[in-house]
Amino acid sequence: MQPRIDYTTASPEAFRAMLALQATVDGRGLDRALLNLVKLRASQINACAFCIDMHFRDAKAAGETDERLSLLDAWHEAPVYTDRERAALRWTEALTRLSGSAGVASDVFEEARSCFGEAELADLTLAIVTINGWNRFNVGFRVPPRFGA
């Protein structure tokens, strides 16, 4: 697969805006392991090879287990995630799959709200918005994974 354009040089302003958004997410204090799962799950849903590769490697480097990473696509059925992680993953899926839906179900929101304070839930939502943005840049412009680069 050949990249369509290098969006980082085609629009440095857009790239800097995404980096600033990411820096905000990274500075909000959400647990890194949780963020890695959220980023990887959204990237799986969006079929973003670049981000799946990157966030899998990030999670492994941060000490995430092979078991939890290999079961992420089936997290609903896997007993290896905490209630907080499950709520975050459910929230991630709901916000990532908005197209064609009637919005986010109240029970999904209430579960997320029960596990995260309001500020944390807003920060988690920003993290989900951000990874979906990165996915759309990378999928849209066919950015290939770096495979260990």
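Which residues is Ala88 in contact with, leaving aside its neighbours within four places in sequence? In this predicted model, local features need pLDDT of at least 70 and side-chain atom pairs count only at pLDDT 80 or more, whereas totals for chains, interfaces and linings use all residues. Residues are numbered from 1 along each chain as its sequence is written, and side-chain values use heavy atoms, with hydrogens and water left out.

As for Ala88, its partners beyond that window are Leu34, Val38, Phe116 and Leu124, a contact being heavy atoms within 4.5 Å. Ala88 also turns up, with Trp91, Phe116, Leu121 and Leu124, in the group that touches the most other members of the largest nonpolar core, a set of 16 residues. Such a core is made of buried Ala, Val, Leu, Ile, Met, Phe, Trp, Tyr and Cys residues joined through side-chain atoms within 4.5 Å; buried means under 20% relative accessible area, exposed over 50%, and partly exposed in between, with a 1.4 Å probe and protein chains only. At least two residues of this core come from each of helix H3 (32-45), helix H6 (83-96), helix H7 (106-115) and helix H8 (118-140).

Now for the overall picture. The protein has eight helices and zero strands, so the element string reads simply α-α-α-α-α-α-α-α from the N terminus, where helices (H or I, at least four residues) and strands (E, at least two) are DSSP runs numbered from that end. The radius of gyration is 15 Å, which agrees with the value near 15 Å for a compact globule of 149 residues; it is taken over C-alpha atoms, and the globule rule is 2.2 Å times the number of residues to the power 0.38. Along the principal axes, the C-alpha trace spans about 40 × 30 × 30 Å. Buried residues account for 38% of the 149. Of the contacts between residues at least 6 apart in sequence, 69% link residues at least 24 apart.

On the outside, about 8,000 Å² is exposed, with carbon and sulfur atoms supplying 56% of it (Shrake-Rupley method, 1.4 Å probe; for residues, only the protein chains shown count as cover). The 17 positive and 20 negative charges have mean positions 6 Å apart. Here Lys and Arg count as positive and Asp and Glu as negative, leaving out His and the chain ends, and each charge is placed at NZ of Lys, CZ of Arg, CG of Asp or CD of Glu.

Two of the basic residues are worth a look. Lys39, in helix H3, is buried at 13% relative accessible area. Setting aside neighbours within four places in sequence, Lys39 is in contact with Gln22, Asp26, His55 and Ile131. Its C-alpha lies 23 Å from that of Ser106, 67 residues away along the chain. Arg146, in the segment after H8, is exposed instead, with a relative accessible area of 54%. Beyond its neighbours within four places in sequence, Arg146 is in contact with Phe50 and Asp53, and its C-alpha is 9.2 Å from that of Ala49, 97 residues apart in sequence.

Backbone angles add a last detail. Ala47 has a positive phi, near 55°, without being a glycine. Ala47 sits in the loop between H3 and helix H4 (49-61) and counts as exposed because its relative accessibility is 59%. Arg142, also not a glycine, has a positive phi of about 55°. This residue belongs to the segment after H8, and at 37% relative accessibility Arg142 counts as partly exposed.
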